[in-house]
Amino acid sequence: MNARKLAQSASLFSVLSKLLNSINTLITLFLVGIFLSPNEQGFFFSLISLSLLFVFFELGLNFVVIQFASHEHSALLNADNAKTRADAQSRLISLGRIAFLWFGLGALFFALFAGGGGTVFFYTIDGGSVAIGPWLMLCGVVALDVALMPFWSLLEGTNQVLSVYRYRTLRVIIMGSSTWAALVLGADLWALGIGYLASLPLSGWMIFKRHHLFFRQFRHRPSGAVILWQSELFPFQWRLAISWICGYFATWAVAPLSVKMFDPVVGGQVGMVWSLAAGVTTISTALITVKAPQFGMLVAERKFAALDRSALRVGGLSVIAAIAGCSTIFIAVWILNSQHYPYAQRLLPLKATALILVATVFLQILQPMAVYLRAHKQEPFLPVSLALAVTSLAGIVILGWLYGPLGIAYGYLIAVTCFALPLAWFIFLRCRRKWHSPRP
């Protein structure tokens, strides 16, 4: 398979995996509304939000590994002598060994600290004790998933994206169908952990059977040049880590926060709409993130014109996909409300839903710019992440306290359109002009 067909197939599987993930989200949300009580629905989305606390332990290294691996892979392919080739191979091995150690420790700390913190959170909520057992199970299987992250980032960074997205496609199918079956059979809040657990055998087979030859090289110490975490990875990673953490507070923290501010019923309504919007973001962003290794290689080769053309094309498609997805959700919620279906009570009112969906579309504009700039092994969007986290949290808490769920939606929309988006555009233009200027 030539490079162009490989890229096309990888893009197809990337979009397919995200499309299936969005379908999985829709079906799961439908089943949650049928088989869980309004209170349990609030705890369900709190479980999802708390499981994403792994970003506090992953700290952006997953994306850093993809970018650095893509640069070393490009150097390995384009090496014109044995020493250059050996150095690139050695640096790749050192990168992998750093990643395995980091994520192994991160998985352990996540299980200990997030497990304990989540238990305390549910214990302090009326009726929350029902979620403690499911949370501890979910926390354990997510920790195992965190430990496997460097395997996938190394494969993706070395342009084996077709294999990675094939795996993700199968994983979504297995995880989704297992979660649905668990909900239908009465597993209630345990369904999330069961879905994760069912996907682990596939992960083990893909890594330790399908790609064992690729990973065998990481058993040995690097024999030449190495990547130094302090001087090379850390300057990129710490900015990315703060961006990731800010992103969590700006988006996923809203469900447990709503449970605390109001009650599990309102938290469930907020979580339902937020998950629908996240499903749109997932598939729209897939159109651009699958190009991250290719962008990294184009930057390494200083082919900036090709980079601009590719980023503009797929970036535009990702925004169009977000508009289409959010429009579809809005129409569906409008129909549920206009026909007075009981399921509409599991969602936020139509106006609040519309505001969140509009904010989702505007937020999608940031994603192509972020992937484009990070392909340069830089993270200049840290101020954007900080601005979005601070303003959205402030808006959600203050306006939510004053106006209820509608205030939450207004707070989020104001944070995205008035603060994050203008700042992101300014930074993008400045960095692109600076980094692409001719070398002296």
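Is Y248 buried or exposed? Y248 is buried, at 6% relative accessible area; here buried means under 20%, exposed over 50%, and partly exposed in between, with a 1.4 Å probe and protein chains only.

A word on the model before going on. This is a predicted model, so local features need pLDDT of at least 70 and side-chain atom pairs count only at pLDDT 80 or more, while totals for chains, interfaces and linings use all residues. Residues are numbered from 1 along each chain as its sequence is written, and side-chain values use heavy atoms, with hydrogens and water left out.

**Aromatic pairs**

The structure holds 20 aromatic pairs. Rings of Phe, Tyr and Trp (its six-membered ring) pair if their centres lie within 6.5 Å; planes under 30 degrees apart are stacked, over 60 edge-to-face, and the rest tilted. Take W152 and Y167: with ring centres 3.8 Å apart and planes at 10 degrees, the pair is stacked. W152 belongs to helix α7 (residues 149-157) and Y167 to helix α8 (residues 161-184), so the contact ties together parts that are 15 residues apart in sequence. Helices here are DSSP runs (H or I, at least four residues), numbered from the N terminus. W152 is buried at 8% relative accessibility, and Y167 is buried too, at 3%.

Back to Y248: its partner is F249, in an edge-to-face pair with 5.8 Å centre to centre and 75 degrees between the planes. F249 is partly exposed, with a relative accessible area of 34%. Elsewhere, F100, F151, F208, F215 and F218 make up one aromatic cluster.

Arginines also sit over rings. A charge counts as over a ring if NZ of Lys or CZ of Arg is within 6 Å of the ring centre and within 35 degrees of the ring normal. R168 lies over the face of Y165, 4.9 Å from the ring centre, and R374 has its charged end over the ring of F63, 5.9 Å from the centre.

**Cysteines**

How many disulfides does a search of the whole structure find? The search finds 0, a disulfide being a pair of cysteine sulfur atoms within 2.5 Å. Two of the cysteines show why:

| Cysteine | Closest cysteine sulfur | Distance | Relative accessibility |
|---|---|---|---|
| C418 | C326 | 18 Å | 48%, partly exposed |
| C431 | C246 | 17 Å | 6%, buried |

Both distances are too far for a bond.

**A cavity**

The whole structure has 2 cavities of 30 Å³ or more. A cavity is a set of points on a 1 Å grid over the protein atoms alone where a 1.4 Å probe fits but cannot get out, and lining residues have an atom within 4 Å of a point. The second largest holds about 40 Å³ of space; a volume is the space filled by probe spheres set on the points, which are joined across faces, edges and corners. Its lining includes F45, I48, W252 and W274. Helices α2 (38-51), α11 (229-252), α12 (254-261) and α13 (264-289) each supply at least two lining residues.

**Two loop residues**

Most residues other than glycine have a negative phi. D188, though, has a positive phi near 55 degrees and lies in the loop between α8 and α9 (191-210). D188 is partly exposed, at 27% relative accessibility. R302 likewise has a positive phi near 55 degrees. R302 is in the loop between α14 (292-300) and α15 (304-338), partly exposed at 29%.

Conventions: 1 Å grid on protein atoms, 1.4 Å probe; cavity = no way out; pocket = protein on both sides within 12 Å on 5 of 7 lines; lining within 4 Å.
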